[in-house]
Amino acid sequence: MKDENSYLPEIATVKKIIKETPAIVSLQLVIDDEEKRNDFSFEPGQVGQLSVFGFGESTFVINSSPSNKDHLQFSIMKAGVNTTALHNLTEGEKVGLRAPLGNWFPYQKMEGKNIIFIGGGIGLAPLRPLIMYMLENKDKYKDLTLLAAAKTPDDFCFATDIETWEKSKDMKVIMTIDTACDMWGKEVGLCPNVLESMKPSPENTIAITCGPPIMIKYTLEVLLKLGFAEDMIYTTLERRMKCGIGKCGRCNIGDKFVCVDGPVFSLKELNQIPEPFM
Amino acid sequence: MRVIEYISKENTKNWLEKLDAKNDVFLPVQDLQEARIGFLDYKEFKKLVQQSKESPEKRYVINHREKTALSPKYIFFPETEKLFDFEYLKDIENPEKVELRLGAAEKTESSGRIILFGLKPCDAEGISRLDRVFGEGDKKDNYYMEKRKNSLLISIGCNTPFPDCFCTLVGGSPFNFENADIGMVEVNDGYAIVKISDDAKDLISENREYFDKDIDKTAIEEEIEKIIKSSAEKIGHTWEDLPREEISKIMDESIGSGIWDQITKKCISCGACTYVCPTCYCFNIRDEQKGLQGQRYRSWDYCMNSYYTLEASGHNPRPDKSLRYRNKVNCKYNYNIKRHGHIYCVGCGRCIEVCPVSMDIREAVKTVIDNRQQASD
Amino acid sequence: MTIENKLKEKIDEIMGDLELLVGYSPSALPLKVNPAFIEKKEETGSLVFNKMCINNLASYIYDLSKSVKGTIGIVLKPCDTRSIIQLASEELIDLKKIKMIVPGCSGVLDYKKIQKHVGGEKIISCKLDGESLAIETISQKHELKAGDFYADKCYWCQVHDNPAHFDEFIENDQKLDIEPREKYADIDAIEGKSIDEIMQYWDEQFSNCIRCYACRNICPLEICRDRCITNLDEPYWQSQRINTEEGKFFQLIRVLHLAGRCTECGECERACPRDIPLSKLMKKSAQITEKLFEYKTGEEPDKKPPFLTFKDVEKNIKEENLS
């Protein structure tokens, strides 16, 4: 639309709040305006700018399945002013939403390949919509594997989803925590180390990794060591954002804006940017 | 340079007066008492002249030869601009129900246009750089474009460039009227009009009484050639002329080298250079609320500040001033060449003038270029 | 020998003991000099010391003292040594790690004053020959008397050839030779006006403030630099709007933050790209704190600034009857 004001958010209502972990909360939102709600669509990996008016605006990935027309889900880790305000919301309250923004996972290019997802903590959020899409279209993809990492057993985001995925035959799920503790019968170890011990084959496989910067750094090193090609590795990056539409100049990494040219980047793309992306 | 019209200095004043009746004219005004030079609304200028106690010509003069302290970008991209209002509405009958109302900024319905008179060609270039950023892509910046689409730029060439001008090194020139609607050259106690865009045709055609009839175009054109030649001799050449893509490549290669630490040693990380620059466009967005009402606004920001990229988690991709200055110079001489095909520096020299510690972007670019030559030798 | 050569000779002598030397080097821009950071003896040849050296190099000393392990040599005008002493009195720097190299000063020119004299026009060239200053703008040539355009602080300077604190002092054959002026004359002129007039004056000045923070970042005492609360989103202390009210608010915070600490070097006013007369505010604050607390900043490294100490009963503050 020509007269569209890209800075003016849509008003959305908080339909449901899910407490994922002590620090992470998922909000399920419904856009108030009926027409906009019905017209809304997004691709897996795209983000939205959520604001509690009076506090600020921050970027979160839309982590519900793109085929879900009931609500849009965002998962928020408490860190600053806006995220704290989002954590304090109750059902029925209103927020501002500007979405969808940014680019998305090139899922069509990934057809016919094995996919390995590596997510740490809140890093599972960008992976979730893609996993759900791929599970809904399983026939287009080969083997799906998920390596989910968290600090402690209580820190797994989307615990119910992971359980469902584990039970289904369509995806192999490996969960790992940082340090051993009682009642945990699964893997123990830092994500990059567990990945290395898994020795996934790079043959016809795409690796997608999301999580805190330090985890991504070491995971990328391990993937390259295992023989994955640069253009078969994808990640999502984060930078402080304000306008979200490539105008304010803040979120640049080299000549790329994370809000417009990202947040999804292949490692090949990132290595072409002279400014270090970490 | 082909002369189309000619207007005397006296008639220019009358022409501007007539234009201001139905439009909003801005022009560069020098306040001789406070020693300030800046763009001022013509109506404001007239009011000041009326109010000034001594003879008005002694205090306020129109001066397009000097550089204004701030570039005119604030006319389209103000320092602070409201994006929208918001209001929480409570229902007295139902205290649990809180509605939210957003009020978009009202569109000012004015039939007049914004006319910037007396722009230097570098400033007109600067505005065209901002046009690309705010006007391109499928998401446009309406706030800027609304003001800009009904505006005209009248540019006057620089007969005497300054020692810190370097527009020719970044793809411009003292008589570059590519991005102006009307281009003028100061010659023979008046102005020769050498360019009129389609949008600006009526400024001349509906005000014919001010423009000279029967002008000796050939003679004026000869004078202009002399002026252009003498002007070109005054502009310095800090680094050898290189094509933009070459400069971009050299900048790419410099990232990671210690040369930036050396260049940035004396920088104090303030925002002076950013705020006077015609092509810097970074801004911050903030919400402010009092009671149930509030506003979201945007304001100028500067990338040299250490909080610029500070994330809520505490991680900061650019903690050192050398990384931030490297980003600034690369943004102008590298990244924006890749994104928009132009160097985002117009060679006006304001940053050099205003810097408290004399950081010189020409020196920075030259050092990077020289460093690369050395590395390859 | 000129003061510049004597200075370079002294620096060459002691360069071996220094990890870094901060001095002045020439600038291509008229009436300006560059801060120079020298690590090797071979580079000392580029150093200068002349009437253009208005910059207070003490602006860099706090950050450098954090990153440089060895001794830092710093060229300081006698007036600028006050900033170092004040930082030392607040225990922000270790004087043992700093070598103050102080040349006797015959005054420095204030390029902003010259620019104001020519109506704000750009100075494209300048030639200083003894007392005559030849200035060129694109419209005119001016022949000025250098003695009228020294920095304000030169006119009431008492320390130009006898600094109280230094590690090396270099005698300057050329002495400061200008008509002394009353230090607080410009403050008193404003004080004589009505409150409305004063507010109008400052509103007009602050309508130009663009919140660039050059004043804060160049101040040798404002080591907070970029960790300042006024340009943070969290905690939200000050609006990010750029207008008269917010500019005034920021500046008043600054004045209070520097009360009893400012060493009146005038750098804030020099750095301001909008030519706001900030040093007037600082001088007013100094006038008050000197009287109230009998404390002059930057005099003794052992004398603690008034706002960093606590006294049950202040000598010059007559409190209400407390029964």
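Among contacts in chain A between residues at least 6 apart in sequence, what percentage join residues at least 24 apart? The share is 68%, where two residues count as in contact if their C-beta atoms, placed from the backbone, lie within 7 Å.

The model is predicted, and local features need pLDDT of at least 70, side-chain atom pairs count only at pLDDT 80 or more, while totals for chains, interfaces and linings use all residues. Residues are numbered from 1 along each chain as its sequence is written, and chains are lettered from A and ligands numbered from 1 in the order in which they are written.

## Chain A as a whole

Chain A contains seven helices and 15 strands; helices (H or I, at least four residues) and strands (E, at least two) are DSSP runs, numbered from the N terminus. Its C-alpha atoms occupy a box of roughly 50 × 45 × 35 Å along the principal axes. The radius of gyration of chain A is 18 Å, which agrees with the value near 19 Å for a compact globule because the chain has 278 residues; this radius is taken over C-alpha atoms, and the globule rule is 2.2 Å times the number of residues to the power 0.38. Of the 278 residues in chain A, 50% are buried, a residue being buried if 20 or more other C-beta atoms lie within 10 Å of its own, exposed if 12 or fewer, and partly exposed in between, with C-beta atoms placed from the backbone.

## Sheets and helices of chain A

In chain A, seven strands make up an open sheet of mixed pairing, ordered β10-β9-β8-β7-β11-β12-β15, where two strands pair if DSSP finds at least two bridges between them. At its edges are β10 (187–188) and β15 (264–266) of chain A, each of which pairs on one side only. Strands β7 (residues 114–120) and β8 (residues 144–150) of chain A run parallel and are joined by six bridges, and Gly120(A) stands opposite Ala149(A) in β8(A). Helix α4 (residues 159–167) of chain A packs on the sheet, where it touches β8 and β9 (171–177) of chain A, and its direction makes about 135° with that of β9(A). Helix α6 (residues 213–225) of chain A also packs on the sheet, touching β7, β11 (205–210) and β12 (233–236) of chain A at about 165° to the direction of β11(A). For these angles, axes are lines fitted to C-alpha atoms, for helices over the stretch in contact, and angles run from 0 to 180 degrees between N-to-C directions.

Elsewhere in the chain, strand β6 (residues 94–101) of chain A is mostly covered, with seven of its eight residues buried. Strand β1 (residues 10–19) of chain A pairs with β6(A) in the antiparallel sense over four bridges, and Glu10(A) stands opposite Leu97(A) in β6(A). Strand β3 (residues 47–52) of chain A likewise pairs with β6(A) in the antiparallel sense over four bridges, with Val47(A) opposite Leu101(A) in β6(A).

## Domains of chains A and B

The table gives the bounds of the domains, which come from an automatic or database domain assignment.

| Chain | Domain 1 | Domain 2 |
|---|---|---|
| Chain A | residues 10–101 | residues 114–236 |
| Chain B | residues 5–78 + 113–234 | residues 244–376 |

In chain A, the C-alpha centres of domain 1 and domain 2 are separated by 24 Å, and 15 residues of domain 1 of chain A are in contact with 15 residues of domain 2 of chain A. The side of domain 1 of chain A that touches domain 2 of chain A has seven nonpolar, seven polar and one charged residues; here Ala, Val, Leu, Ile, Met, Phe, Trp, Tyr, Cys and Pro count as nonpolar, Asp, Glu, Lys and Arg as charged, and the others, Gly among them, as polar. In chain B, the C-alpha centres of domain 1 and domain 2 lie 28 Å apart, and 23 residues of domain 1 of chain B are in contact with 18 residues of domain 2 of chain B.

## Chain C and its contact with chain B

Chain C has an open sheet of five strands with mixed pairing, in the order β2-β1-β3-β4-β8. Between chains, 37 residues of chain B are in contact with 36 residues of chain C.
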